[in-house]
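Colleague: I should like to understand how the terms used for this structure are justified. May I ask you to reason through some of them with me?

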Amino acid sequence: MSQQNEYKHIETFAIHGSMKESQPENSPIVPGIEMSTIYEHRKNGHLEGDLKYTRLQNPNRIQLENVLCGLEKGAEAAAFSSGIAAINAVFQTLEHGDHVLLPSDVYFGTRKLMWEFANRWGLEVEFIDMTDVNRLEQACKPNTKMIWVETPSNPQMLITDLEAVVELAKTKNLVVAVDNTWPTPFNLNPLSFGVDLVIHSTTKYLGGHSDLLGGAVIARESGALMDRVRSVQVVQGGVPSPFDAWMLCRSIRSFPYRMRAHNENALDVAHFLSTLPGIEQVYFPGLASHPGHAIAKRQMRHFGGMISFLVDGDQQLATRIVSNTKIIQAATSLGGIESIWEHRKSSEGPLSETPENLIRLSVGLEHVEDLKEDIEQAVKQGLTTK
Ligand SMILES: *Cc1c(COP(=O)(O)O)cnc(C)c1O
């Protein structure tokens with residue numbers, strides 16, 4: 001896999017990175033879906049070779065892991081059936097009694113995983129503000145083993161300085177794991193900052209069409225840590241089906257061009273929102289007014305397709321606005337070609353710590369003028385009706 005780490009242009013690699021395979025003459029350009037769960041081992045009557053049984057490995061999964069590994073410039077990738085299965089695998093590498101630091105503004109599913117399972121696993125978890133690396137250092141204890149990072153965080157778009165976190169982690173021998181679902185490898189490659197593991201919900205931008213579920217862990221180096229992740233993958237069995245792996249490889253071929261447009265549209269919409277009456281605050285790291293802008297500019301190539309904003313009012317106003325649109329549909333999740341938004345607190349439920357007037361917008365690939373018009377009329381209508 002390692003020779004695939006070196007690509008000159010992501011647009012070319014995204015297309016060919018899952019199609020390289022030694023095949024007989026007149027082989028198809030696009031690989032087929034290999035549905036067989038079992039492989040023949042006639043020669044010696046015992047299991048030999050790389051392919052034995054589909055939970056362990058499958059040609060479509062190999063193609064997927066190759067392209068994901070290359071996109072993140074890693075040494076090895078493991079694909080999972082969902083983003084949360086990939087996240088689960090990383091936490092399962094820890095030992096009973098280990099202490100983990102997570103951002104206080106973290107993807108709600110990760111928080112829920114910790115709330116419901118960390119105690120039973122014997123993990124000690126602590127949620128802290130990761131925009132402040134000094135706080136992070138003070139929170140480290142003798143049993144701290146891992147720092148979990150999201151930058152931008154979900155949903156408040158807080159930025160964490162990866163260089164500073166890695167520097168701290170090195171002095172204390174901690175694993176740094178970054179959930180890179182939001183920025184995507186088009187905009188940010190955490191492994192090149194010395195981060196140990198990158199995690200993805202491939203359900204989002206890599207899948208890109210809101211029609212498949214998947215996850216991945218990519219390691220900077222092969223070795224004991226990634227062996228543990230791999231062991232969770234094949235022993236606990238949260239693997240993607242050959243069809244899902246094939247679908248995702250197909251989506252990844254157009255991923256860089258989709259990201260260009262997501263980035264461009266979101267930047268435009270973020271500027272537009274900041275001038276719109278009825279909007280109290282826009283959280284987007286591409287805006288010079290964002291507190292994490294300087295760090296984001298340094299570590300990211302572009303700022304991504306996600307925007308959160310506070311409306312000048314309460315929960316009723318926010319929910320009214322999200323249900324007033326013609327193009328942007330009210331739905332959870334993100335990263336698809338279609339624009340969607342949601343009142344995030346309602347999606348997260350009663351335990352949510354997200355502000356009640358926050359709307360989370362996943363900017364899609366519609367024409368940006370149509371999106372701005374739709375947002376403007378939804379906000380206006382929301383403000384005038386009661
Ligand atoms: C959606 C999401 C996940 C979970 O992924 P699933 O594929 O839904 O399991 C994890 N992290 C982030 C940042 C996400 O947005």
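The conversation below concerns the pockets and the ligand of a predicted model.

Colleague: What makes the ligand's place the second largest pocket?

Modeller: A molecule is said to sit in a pocket if more than half of its atoms lie within 2 Å of the pocket's grid points. The space taken by the ligand is the second largest pocket, so the ligand satisfies that condition. The volume of this pocket is about 250 Å³.

Colleague: Which residues lie nearest the centre of that pocket?

Modeller: They are Gly83, Ile84, Tyr107, Ser201 and Lys204, from a lining of 18 residues. Two elements, α3 (83–91) and β6 (197–201), each give two or more residues to this lining.

Colleague: Why is the approach of Gly83 to the ligand called a polar contact?

Modeller: A polar contact is a pair of N or O atoms within 3.5 Å. A backbone N or O atom of Gly83 lies 2.9 Å from an oxygen atom of the ligand, and therefore the pair qualifies. For Ile84, a polar backbone atom is 2.8 Å from an oxygen atom of the ligand, so this pair also qualifies. Trp182 uses a polar side-chain atom, which lies 3.2 Å from an oxygen atom of the ligand; that distance is within 3.5 Å, and so the contact counts. The protein covers 92% of the 380 Å² of accessible area that the ligand has on its own.

Colleague: How do you know that Asp179 belongs to the residues that surround the ligand?

Modeller: A residue is near a molecule if one of its heavy atoms lies within 4 Å of it. Asp179 is among the closest of the 15 residues around the ligand, so one of its heavy atoms meets that limit. Also among the closest are Thr203 and Lys204. The largest share of this shell, three residues, comes from α3. By class, the shell has six nonpolar, seven polar and two charged residues.

Colleague: What makes a residue such as Asp196 part of the lining of the largest pocket?

Modeller: Lining residues have an atom within 4 Å of a grid point of the pocket. Asp196 is one of the 23 residues that line the largest pocket, so it has such an atom. Asp196 is also among those closest to the centre, as are Asn173 and Leu225. The largest pocket has a volume of about 460 Å³.

Colleague: Which element supplies the largest share of that lining?

Modeller: It is α8, with four residues. By class, the lining of the largest pocket has 11 nonpolar, four polar and eight charged residues.

Notes. Residues are numbered from 1 along each chain as its sequence is written. This is a predicted model: local features need pLDDT of at least 70, side-chain atom pairs count only at pLDDT 80 or more; totals for chains, interfaces and linings use all residues. Side-chain values use heavy atoms; hydrogens and water are left out. On a 1 Å grid over the protein atoms alone, a cavity is a set of points where a 1.4 Å probe fits but cannot get out, and a pocket is an open set with protein on both sides within 12 Å along at least five of seven lines; lining residues have an atom within 4 Å of a point. Grid points are joined across faces, edges and corners, and a volume is the space filled by probe spheres set on the points. Ala, Val, Leu, Ile, Met, Phe, Trp, Tyr, Cys and Pro count as nonpolar, Asp, Glu, Lys and Arg as charged, and the others, Gly among them, as polar. A polar contact is a pair of N or O atoms within 3.5 Å; within protein, one must be able to donate a hydrogen and the other to accept it, and residues adjacent in sequence count only if both atoms are side-chain atoms. Accessible areas come from the Shrake-Rupley method with a 1.4 Å probe; for residues, only the protein chains shown count as cover.
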